[in-house]
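Hi,

Here is the structure I said I would pass on. Have a look at it first, and my notes follow below.

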Amino acid sequence: MDKVSRTDAEWRERLSPEEYRVLRKAGTEAPWTGEYTDTKVEGVYRCRACGAELFRSDAKFDSHCGWPSFYKPAAGDAVVLLEDRSLGAVRTEVRCARCDSHLGHVFEGEGYAVPTDQRWCINSVSLSLEPAGQGPHDDGKIIASERNTANQ
Ligand SMILES: [Zn+2]
């Protein structure tokens, strides 16, 4: 994987103020305000800062916590985990492995009915949803949508 590395000034220029605050300053969007909190669209969630594939819609679930929640990342090496001791508790911070931007936190053992018993609690503003069939890396699904078009 090619790492993406930019200066603070470059990130400021490329990102909106809210994206910059969350992605580069480990901020958190207010609960229930993110655009993907309840999104059910099938597709791939990419890093808003660098475009790396991070999560897939098939691992998204309703956690009712106010942020998009997934039970696993798209690939284990898509993200890196860091110990976060801010706010007086030990939490596990999730960052994009490619550009080191902050995504959210991962919690375990909360009892959600998901295969991993994990809740990857990710800020909407850290993500960019690419609906299935519209992306260049969506092998298989593109062929299926082309076939549908041909039949109409
Ligand atoms: Zn990234």
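Before anything else, please keep in mind that this is a predicted model.

Let's start with the overall layout. The protein chain has 3 helices and 9 strands. Going along the sequence, the order is α-α-β-β-β-β-β-β-β-β-β-α. Of the 152 residues in the protein chain, 30% are buried. If you take the contacts between residues at least 6 apart in sequence, 56% of them join residues at least 24 apart.

The strands go into two open sheets, which I'll take in turn.

One sheet has 6 strands, and you can trace them in the order β3-β4-β8-β7-β6-β5, with antiparallel pairing. Its edges are β3 (60-61) and β5 (79-84), each of which pairs on one side only. Starting from the β5 edge, β5 and β6 are antiparallel and share 6 bridges, and in this pair V80 sits opposite R95 of β6. Further in, β7 is joined to β8 by 5 bridges, again antiparallel. On the other flank of β8, strand β4 (residues 69-70) runs antiparallel to β8 and is joined to it by 2 bridges.

If you want one residue to click on here, try C121 in β8. H105 has C121 as its bridge partner, and S69 also has C121 as its bridge partner.

β8 deserves a bit more of your time. How many of its residues are buried? The count is 5 of 5, so to speak a strand that is mostly covered. Q118, W120 and I122 point one way from β8, while R119 and C121 point the other way, and all are buried. Leaving out residues up to four places away in sequence, W120 touches S69, F70, Y71, P73, V94, G104 and V106.

Now the other sheet. This one is open too, with 3 strands in the order β2-β1-β9 and antiparallel pairing. β2 (53-56) and β9 (127-131) are the edge strands, each pairing on one side only. From one strand to the next, the twist averages 30°.

On one side, β1 (residues 43-47) is linked to β9 by 5 bridges, and the two run antiparallel. On the other side, β1 and β2 pair in the antiparallel sense over 3 bridges. Y45 is a handy marker for both pairings: its bridge partner in β9 is L129, and it stands opposite F55 in β2. β1 and β2 also make a hairpin, with 5 residues between them. In that turn, G51 has a positive phi of about 90°.

Last, the core. Which residues have the most contacts inside the largest nonpolar core? They are L54, C96, W120 and I122, in a core of 25 residues. The elements that give two or more residues to this core are α2 (17-24), β1, β2, β6 (91-96), β7 (102-108), β8 (118-122) and β9. That list takes in β1, β2 and β9, the strands of the β2-β1-β9 sheet, and also β6, β7 and β8, which belong to the 6-strand sheet.

If you only have a few minutes, I'd begin at W120, one of the residues with the most contacts inside that core, and then go to Y45, with L129 as its partner in β9 and F55 opposite it in β2.

Cheers

Conventions: Residues are numbered from 1 along each chain as its sequence is written. This is a predicted model: local features need pLDDT of at least 70, side-chain atom pairs count only at pLDDT 80 or more; totals for chains, interfaces and linings use all residues. Two strands pair if DSSP finds at least two bridges between them. Helices (H or I, at least four residues) and strands (E, at least two) are DSSP runs, numbered from the N terminus. Axes are lines fitted to C-alpha atoms, for helices over the stretch in contact, and angles run from 0 to 180 degrees between N-to-C directions. A nonpolar core is a set of buried Ala, Val, Leu, Ile, Met, Phe, Trp, Tyr and Cys residues joined through C-beta atoms within 7 Å. A residue is buried if 20 or more other C-beta atoms lie within 10 Å of its own, exposed if 12 or fewer, and partly exposed in between; C-beta atoms are placed from the backbone. Two residues are in contact if their C-beta atoms, placed from the backbone, lie within 7 Å.
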